[in-house]
Amino acid sequence: MDQLKLKLQEYYQRYQQLDQRVKPGKEEPGSEDVLDLENDILTQFGLPTSRRFVQILHDFVHHSHVSDQLLDYVSKKLRSAARKYLLAPVMSDIDLLEQAREQKRSPYDVLPELGYPPQDYALFLVGELYYRRNMAATDILEELKKMQHFHSWDDLSLLSKINNYSTHELYVKLKKHELRFIDDYIQHSRRQETSRLVNKRATPAEIGYKPDYKTITKVQVEDIIFDEQTAPSLFGKIRSGRGYSRITISLEFSELNQILMSSDELGVEISNHIKKRLANPSAEKPTVIDIRAEFGDVLKLDNCYLEVYKPQHREGNKWVEDKDNFYFVDKILTKKEFEKRSKEAEVQRKIQECLELIGGSYVYYQRLRRLGITDDEAKLRAGLQDELLFKLSFFLNKVKM
């Protein structure tokens with residue numbers, strides 16, 4: 001039996017020893033040996049340990065027994081995958097990242113093909129910052145290169161578990177490497193952990209910053225991504241001036257359902273589709289719904305208004321709003337609720353304008369008095385002959401001062 005078949009047989013036996021309850025990739029006794037074997041076998045074919053190639057081995061170990069025919073079949077399948085992968089056109093890292101986002105490929109596939117481990121920070125950079133927040137590919141690749149060059153993966157993993165991480169010596173060490181997204185990663189990880197513990201996203205007040213809210217509508221949703229443990233995200237476009245800009249919106253499942261239920265027949269159809277996908281334990285995780293491909297058109301959110309905010313991260317003692325076009329939903333308003341709120345805001349604005357005019361009248365009154373005009377005449381000219389109005393003007397001017 002050749003060396004490859006021996007390795008495949010050993011891989012099969014070691015996998016079975018993990019007792020089916022433990023899969024490769026989990027930090028359990030014995031799993032490191034299995035992962036090393038996966039790497040050895042795939043490297044022998046010139047393949048990276050991306051999920052699509054590891055899946056060939058995972059399918060192999062789920063057969064009830066090993067035979068020469070099965071070993072030959074797996075070898076042939078690996079050779080075919082290697083031939084296709086190695087003969088594919090050479091792509092730059094930027095092109096590979098951009099194509100991966102367009103094809104909605106898992107970061108677990110992309111990172112090994114870029115030459116980086118699918119470690120938590122790397123997954124955050126590609127899956128969160130690049131896929132969800134539309135950050136520039138050059139920024140992501142630059143950060144990955146720095147992490148790899150300085151061997152910082154373990155340091156950051158340890159730092160993320162420290163409560164007052166920003167005062168720790170590891171934080172100072174990593175900052176010297178000019179790593180840009182450490183704070184964002186740690187805060188994101190803790191938001192996710194809080195969300196898992198209480199099944200609800202932590203509010204800005206709980207985290208410690210005051211957001212800048214804005215209201216958006218008429219979002220054209222192209223994709224929805226979700227799984228059981230993380231909040232769903234909407235990917236799409238929103239009008240910006242004469243054109244459109246990309247936008248990513250994170251929200252709770254209850255909020256997603258509320259939006260879909262307000263979006264006529266297409267929304268209801270998508271909602272039912274999501275329920276089926278969630279009920280299917282064998283569905284790929286995370287679940288990606290390409291709305292145009294599956295339903296023939298994008299989802300237009302015309303019947304609701306979303307009050308949203310950008311997350312913020314700490315830079316020293318300051319909270320700084322993220323620059324990317326990524327938002328959290330705070331409230332969902334119906335068209336009627338939004339119009340009512342708009343009317344109330346307009347009335348309040350008009351009242352404020354009136355109060356400013358009344359307060360300004362007292363300044364005019366004072367100017368007339370300084371010119372030697374009598375008190376009664378000055379009040380008359382300033383429109384403040386009514387005693388109550390005069391007092392209101394006086395106090396408004398005092399408040400303004």
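The exercises below concern a predicted model and are each followed by a worked solution.

The model is predicted, with local features requiring pLDDT of at least 70 and side-chain atom pairs counting only at pLDDT 80 or more, whereas totals for chains, interfaces and linings use all residues. Residues are numbered from 1 along each chain as its sequence is written, and side-chain values use heavy atoms, with hydrogens and water left out.

**Exercise 1. Strand 2 and its partners**

Determine why strand 2 is largely enclosed by the rest of the structure, and which strands pair with strand 2.

Solution.
Step 1. Helices (H or I, at least four residues) and strands (E, at least two) are DSSP runs, numbered from the N terminus. Buried means under 20% relative accessible area, exposed over 50%, and partly exposed in between, with a 1.4 Å probe and protein chains only.
Step 2. Strand 2 covers residues 219–226, and seven of its eight residues are buried, so the strand is largely enclosed by the rest of the structure.
Step 3. Two strands pair if DSSP finds at least two bridges between them. With strand 3 (residues 233–240), strand 2 forms five bridges in the antiparallel sense; here Ile-225 has Ser-233 as its bridge partner.
Step 4. Strand 5 (residues 287–290) is joined to strand 2 by four bridges, and the two run antiparallel. Thr-287 of strand 5 stands opposite Phe-226.
Step 5. Strand 6 (residues 299–301) pairs with strand 2 over three bridges, again antiparallel, and Lys-300 of strand 6 is the bridge partner of Gln-220.

**Exercise 2. Asp-223 and Lys-104**

Establish whether Asp-223 is buried or exposed, and which side chain makes a polar contact with its side chain.

Solution.
Step 1. Asp-223 is found in strand 2. Its relative accessibility is 10%, so Asp-223 counts as buried.
Step 2. A polar contact is a pair of N or O atoms within 3.5 Å; within protein, one must be able to donate a hydrogen and the other to accept it, and residues adjacent in sequence count only if both atoms are side-chain atoms. The side chains of Asp-223 and Lys-104 make such a contact at 3.2 Å.
Step 3. Lys-104 follows helix 5 and has a positive phi, near 60 degrees.
Step 4. Contact means heavy atoms within 4.5 Å. Leaving aside neighbours within four places in sequence, the residues in contact with Asp-223 include Lys-104, Ser-233, Phe-235 and Asp-290.

**Exercise 3. The buried faces of two helices**

Explain why the buried residues of helix 5 and of helix 13 line one face of each helix.

Solution.
Step 1. In helix 5 (residues 93–103), Leu-96, Leu-97 and Ala-100 are buried. Viewed down the axis of helix 5, the buried residues fall within an arc of 100 degrees, so they line one face. The arc is that of the directions from the helix axis to the C-beta atoms.
Step 2. These residues pack against helix 6 (107–114), helix 7 (120–132) and helix 8 (137–149).
Step 3. In helix 13 (residues 253–261), the buried residues are Glu-255, Leu-256, Ile-259 and Leu-260. Their arc, seen down the axis of helix 13, is 135 degrees, so they too line one face.
Step 4. The cover over the buried residues of helix 13 includes strand 2, strand 3 and helix 14 (264–279).

**Exercise 4. Aromatic pairs**

Classify the ring pairs Phe-326 with Phe-328 and Tyr-362 with Tyr-365.

Solution.
Step 1. Rings of Phe, Tyr and Trp (its six-membered ring) pair if their centres lie within 6.5 Å; planes under 30 degrees apart count as stacked, over 60 as edge-to-face and the rest as tilted.
Step 2. The structure holds 18 aromatic pairs. For Phe-326 and Phe-328, the centres are 5.2 Å apart and the planes stand at 80 degrees, so this pair is edge-to-face. Both Phe-326 and Phe-328 are buried.
Step 3. Tyr-362 and Tyr-365 form a tilted pair, with 5.5 Å between centres and 40 degrees between planes. Both tyrosines are buried and lie in helix 16 (residues 335–370), three residues apart, about one turn of the helix.
Step 4. Ring pairs link Tyr-362 and Tyr-365 with Phe-390, Phe-394 and Phe-395 into a cluster.
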